[in-house]
There are 2 protein chains.
Amino acid sequence: MVITALDVGGTSIKAAVLDGDLKTLATSREPTAKGADGHAVADQVARMVAELGHDPAAVGVVVPGIVDENAGIARFSANLDWRDVPLRALLAERLGIPVALGHDVRAGGLAEFRVGAGRGCTEAAFVAVGTGIAAALLVDGRLYSGGGLAGELGHVDVGNQLKCGCGAVGCMEMIASASAVARRYTELTGEPADGAESVVLAAQNGDERAKVVVDETVDGLARGLRILATLLAPEVVVLGGGLFTTGEYLLDAVRGQLRLTFQREPELRLAELGPDASRYGAGLLALDLLKP
Amino acid sequence: MVITALDVGGTSIKAAVLDGDLKTLATSREPTAKGADGHAVADQVARMVAELGHDPAAVGVVVPGIVDENAGIARFSANLDWRDVPLRALLAERLGIPVALGHDVRAGGLAEFRVGAGRGCTEAAFVAVGTGIAAALLVDGRLYSGGGLAGELGHVDVGNQLKCGCGAVGCMEMIASASAVARRYTELTGEPADGAESVVLAAQNGDERAKVVVDETVDGLARGLRILATLLAPEVVVLGGGLFTTGEYLLDAVRGQLRLTFQREPELRLAELGPDASRYGAGLLALDLLKP
């Protein structure tokens, strides 16, 4: 028995046929079709599933933005330019097999919690630090979605004075996301940054200007994680996304700044599944549909 | 069938015999016996249960501090001066009937969620604003305890410069608790405050100095609730504790300052059960033990 898992992003759709152990049998990737009503993406997903073959028993699809998994509705995505798309129903009528709709970061968290760095935890968080920052929350062993709106860690106020695209001031992702690292480096040096990872590596190698930026980032990450620990007391926080592909250096720095007083100290771990976490999560959602 | 419910505080123990509909059949109240190992409190609770009579089928006891409900252990309480007291076992051996151990604020939340202002919610928070600030979190219809350490909303950093007893700077309860209101009023005016409620009422009646204090408080409350809404997206937040006995005036002010951008806007409601919420919650915990 196999399923097909798709990670629909603003730029591309990554698809894979996976077996029950998440072993990859086939993959494909295409630029994402645009269209505000979601029909273009639904058509494309259905075609990609057919072209990948293997006769899947179910399909799991994850998308960014605000997703109500229970209702099967993609509520909002700035990148995909859609609102209130009943994507699960659109896909089910095209595919004729069970379809699970999920959220990219929560699905990534599901995969990390089940088969990645958070295996065996019942109280944990997965924090994806990329263009933005979002968290998947594992509460008493179950993912908590809050109608699709929980886990917006990137928009907690960590005390900076920067205006965020969401309209608020002080959002964590304005200072601690991968895009913030690159932007702050350019602001400080007048030079373009070759991605946030290069800034972190430069800091690690002693570049003073890069260190200024990374120190700010670490402070912002620590402030956000402190709030997470205070409110939710996770045993483990799995850190992933582009910024944490740089490895233990950044993680160690964050550990050093966490400065909890009475709170449960979460164990900070690097994500294990990399950029495929969301697609594995989509696969797990599809497999869960097939459980008796 | 009746149960006995006890709310053990640092100052007094409030006990009640309740029937299955939480109707009060008898009450008593005593100063709390002290003792770091918990045996004095356990003896006192057992005696109070016996003296109240009515032959209860189970007992529910709630205590402040850090409580691991699953393990039945009172981990820490500054007011009761104890650490790692296996209170459920101490009580069970004295009482010989089923005993539930809970946390005062989470039990208060349980009562508000089941029979008070949060009836019918599945995603909600109960925020008790008294000497300190703590939250009970309802997640997918179930209370989340985080090993007894979740919900410490009073210790999220809301950007003030005040040093908290916990060792951190900026904690919400340093600016937005009932004790902070009284303290700030005295600092500002050089006059003792007759409780936080009187400061709120004075502000409501146009006292400019009281308004300065209450404006700070409202700002701190709004900042904390904004973080709660961003991370957990509750549909309803029930506000209780001493500070919110003053009614809708303060609640309206907090609503006006909440300023969410994309987050799910929680409905803010006043608690309905007042200072008895924790004892009702203790009763519900005991009744839950008797369910088949």
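User: What makes B:Val41, B:Ala42, B:Gln44, B:Val45, B:Ala46, B:Met48, B:Val49 and B:Leu52 of α1(B) count as buried?

Analyst: Each of these residues falls in the buried class, which means under 20% relative accessible area (exposed is over 50%, partly exposed in between; 1.4 Å probe, protein chains only). Do keep in mind that this is a predicted model, where local features need pLDDT of at least 70, side-chain atom pairs count only at pLDDT 80 or more, and totals for chains, interfaces and linings use all residues. Residues are numbered from 1 along each chain as its sequence is written, chains are lettered from A and ligands numbered from 1 in the order in which they are written, and side-chain values use heavy atoms, without hydrogens and water.

User: What covers the buried residues of α1(B)?

Analyst: The cover includes β1 (2-8), β2 (12-19), β3 (24-31), β4 (59-63), β7 (82-85) and α2 (87-95) of chain B.

User: Why is the pair A:Arg223 and B:Asp157 called a salt bridge?

Analyst: The closest N and O atoms are 3.6 Å apart, and the rule asks for a side-chain nitrogen of Lys or Arg within 4 Å of a carboxyl oxygen of Asp or Glu, so the pair qualifies. Across the interface of chain A and chain B the rule finds two salt bridges.

User: How many residues does each chain bring to the contact?

Analyst: Chain A brings 31 residues and chain B brings 31 residues, with contact meaning heavy atoms within 4.5 Å.

Conventions
Helix = DSSP H or I, 4+ residues; strand = E, 2+ residues; numbered from the N terminus.
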